[in-house]
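Here are some short exercises to work through with the model open beside you. Try each task before you read its solution.

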Amino acid sequence: MKPLALSFAPPKKWRNPGQTKKLEREKWQILRKKILERDNYICSYCGYKSEKYQIIDHIDGNPENNEDGNLQVICQMCNLIKHSGQGCEIQAVVDLYRKSKYNQNAIIKITRKMRDEGSKDVEVIKVLELKGKAPFKMDLEYLRKLVGFISSRQPLEKDMYYNWLNYHRRELKNENHAF
Ligand SMILES: [Zn+2]
């Protein structure tokens with residue numbers, strides 16, 4: 001797994017759907033499918049596999065660089081960390097901490113697993129040993145020293161993260177019924 005770290009895109013690009021409009025929609029859909037299949041629908045940072053709502057991410061942050069080598073699959077949770085302006089300010093579901101027992105990749109994996117099993121935020125925070133809450137600042141040097149925790153607070157409705165969350169919960173329920 002690649003190391004995941006808090007970062008952000010310039011605010012101008014936060015709500016900009018232009019990322020997928022750089023290529024014509026149809027061409028982008030074909031490219032998107034190709035990358036999803038290449039990476040087997042698995043997030044590059046946490047290993048989460050999903051048939052739906054995975055994001056095709058530009059590794060170098062340049063939405064115009066659509067070379068295969070610049071594209072990777074990233075899940076909705078890791079995306080909130082990589083684009084922490086979205087996570088902290090727009091969606092307001094990500095909390096920042098100065099200390100954790102685990103690295104950012106493991107924080108995502110443990111959070112998702114524990115939440116799927118029904119744990120509350122306080123219980124997850126305790127296991128992760130998250131300490132020293134910190135505010136969001138648009139400063140990469142500052143963010144580099146922090147980790148992000150995705151809380152169970154309700155995200156913006158009808159947004160991609162919200163849609164994924166509902167999809168993930170439904171899938172989970174179906175799996176549990178199968179046993
Ligand atoms: Zn992920």
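**Exercise 1. Find the residue of β5 that stands opposite Asp95, then work out how β3 pairs with its partners.**

Step 1. Start from Asp95: Phe149 in β5 stands opposite. Strands here are DSSP runs of E with at least two residues, helices are runs of H or I with at least four residues, and both are numbered from the N terminus.

Step 2. Take the whole pair next: β3 and β5 run antiparallel and are joined by 4 bridges. Two strands count as paired if DSSP finds at least two bridges between them.

Step 3. Now turn to β4, which pairs with β3 over 3 bridges, in the antiparallel sense. In this pair, Lys99 stands opposite Lys131 in β4.

A word on the ground rules before you go on. The model is predicted, so local features need pLDDT of at least 70 and side-chain atom pairs count only at pLDDT 80 or more, while totals for chains, interfaces and linings use all residues. Residue numbers run from 1 along each chain as its sequence is written.

**Exercise 2. Describe how domain 1 and domain 2 meet.**

Step 1. Set the bounds: domain 1 covers 11–79 and domain 2 covers 81–178, as given by an automatic or database domain assignment. Their C-alpha centres lie 20 Å apart.

Step 2. Count the contacts (C-beta atoms, placed from the backbone, within 7 Å). You should find 12 residues of domain 1 in contact with 16 residues of domain 2.

Step 3. Look at the domain 1 side, where helix α3 (residues 76–82) gives the most, with 4 residues. That side divides into 9 nonpolar, 2 polar and 1 charged. Here Ala, Val, Leu, Ile, Met, Phe, Trp, Tyr, Cys and Pro count as nonpolar, Asp, Glu, Lys and Arg as charged, and the others, Gly among them, as polar.

**Exercise 3. Which residues of the largest nonpolar core touch the most other members, and where does this core lie?**

Step 1. Fix the term: a nonpolar core is a set of buried Ala, Val, Leu, Ile, Met, Phe, Trp, Tyr and Cys residues joined through C-beta atoms within 7 Å. Buried means 20 or more other C-beta atoms within 10 Å of the residue's own, exposed means 12 or fewer, and partly exposed is in between, with C-beta atoms placed from the backbone.

Step 2. Among the 31 residues of this core, Cys43, Tyr45, Ile74, Cys78, Leu80, Ile108 and Phe149 touch the most other members. Helix α3 gives the most to the core, with 4 residues.

Step 3. Both domain 1 and domain 2 give residues to this core, so the core lies between them.

Step 4. Zoom in on Ile74: leaving aside neighbours within four places in sequence, its contacts include Cys43, Tyr45 and Lys82.

**Exercise 4. Check the length of α2 and how well it is covered.**

Step 1. The expected span is 1.5 Å times one less than the number of residues. For the 14 residues of α2 (residues 25–38) this gives 20 Å, and the end C-alpha atoms are 20 Å apart, which agrees.

Step 2. Helix α2 is hardly covered, as the count of buried residues is 0. Asn40, with a positive phi near 55 degrees, follows α2.

**Exercise 5. Is Met138 buried or partly exposed?**

Step 1. Locate Met138 in the loop between β4 (131–134) and α7 (140–143).

Step 2. Because 13 other C-beta atoms lie within 10 Å, Met138 is partly exposed.

Step 3. Beyond four places in sequence, Met138 touches Phe8 and Gly85. Gly85 is 53 residues away along the chain, yet the two C-alpha atoms are separated by 7.7 Å.

Definitions and conventions:
Contact = placed C-beta atoms within 7 Å.
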